[in-house]
Amino acid sequence: MNPNLDTSAATDSASPEAAAGLTDEQYRQKMQRRKEVQEQRLAERSLEKGLIVVNTGNGKGKTTAALGMVLRSLGHGYKVAIVQFIKGAWEPAEKAAFSHWGEQLEFHAMGEGFTWETQDRERDIQKAQEAWNTALTYIRNPEFRLVLLDEVNIALKLGYLAVEDVLAGLEQKPEDSHVILTGRGAPAALIERADLVTEMTLVKHPFKEQGIKAQPGIEF
């Protein structure tokens, strides 16, 4: 698949409903027009830049989606850094999985657990600030093509970090590097600054509706 392809419009026009009742020739002509439109769009979009990406919302998948980008970057041979805020005490399976990448990946799980577990706001603030200072060293470093700040939005939401400081830090990244910020409750100022924002919507959750506990391979 072409990584630059805008599939949203293509999917709409090529949906089963849109194609129903067409002859083979009508369908071929329709897809040819769609191809021409897409080629024109690609020709008009030639810019490249480092992106600020925000994954937020109450649904699952914010970190998982970000780790997909991490995997792609590693596959291209780029250096990547991951700094985990809040849930670092879990020593998650992601850390073990990515440990095989050696010096190409830096992984820092710097939180001590969720706020209801630590019950120490001052220490939570201290750990969040330490994590942010570590993150800044990678954000500023041109050797790292991608930096993932996992659950940093939670730290912002709880007031452990100032959004102004985070925005100022993001301005220090090299032009061609990407930064991903995950966690629910992303502040409006961060969303406004970001280049790509995805909001995960919760529809159903087994913990809430069925009493199913967090499971390895799914939640951690």
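Let me begin with one pair of residues: Val-53 stands opposite Ile-180, which belongs to strand E5, and strands here, like helices, are DSSP runs numbered from the N terminus (strands E, at least two residues; helices H or I, at least four). Before going on, I should say that this is a predicted model, in which local features need pLDDT of at least 70 and side-chain atom pairs count only at pLDDT 80 or more, while totals for chains, interfaces and linings use all residues. Residues are numbered from 1 along each chain as its sequence is written, and side-chain values use heavy atoms, with hydrogens and water left out.

E1 and E5 pair in the parallel sense over four bridges, where pairing requires that DSSP finds at least two bridges between two strands. Stepping back, six strands form an open sheet with parallel pairing, in the order E3-E2-E4-E5-E1-E6. Strand E3 (105–109) and strand E6 (196–199) stand at the edges with a single partner strand each, so one side of each has no neighbour in the sheet. From one strand to the next, the twist averages 10°.

Now to the helices that lie across this sheet. Helix H4 (residues 62–75) lies across E1, E2, E3, E4, E5 and E6, and runs at about 165° to E4, whereas H7 lies across E2, E3, E4 and E5, at about 160° to E4; these angles run from 0 to 180 degrees between N-to-C directions, with axes fitted to C-alpha atoms, for helices over the stretch in contact.

What, then, are the buried residues of helix H9? They are Val-163, Val-166, Gly-169 and Leu-170, buried meaning under 20% relative accessible area with a 1.4 Å probe, protein chains only. Seen down the axis of H9, they fall within an arc of 125°, so they line one face of the helix; the arc is that of the directions from the helix axis to the C-beta atoms.

Finally, the largest nonpolar core has 31 residues, of which Phe-85, Trp-132, Leu-149, Leu-161 and Leu-181 touch the most other members. Such a core is a set of buried Ala, Val, Leu, Ile, Met, Phe, Trp, Tyr and Cys residues joined through side-chain atoms within 4.5 Å. Its largest share, seven residues, comes from H7. Leaving aside neighbours within four places in sequence, Leu-181 is in contact (heavy atoms within 4.5 Å) with residues including Val-53, Leu-149, Val-166 and Leu-170. Apart from this core lies another, of 13 residues, among them Leu-74, Val-80, Leu-105 and Leu-146.

Definitions and conventions
Buried means under 20% relative accessible area, exposed over 50%, partly exposed in between (1.4 Å probe, protein chains only).
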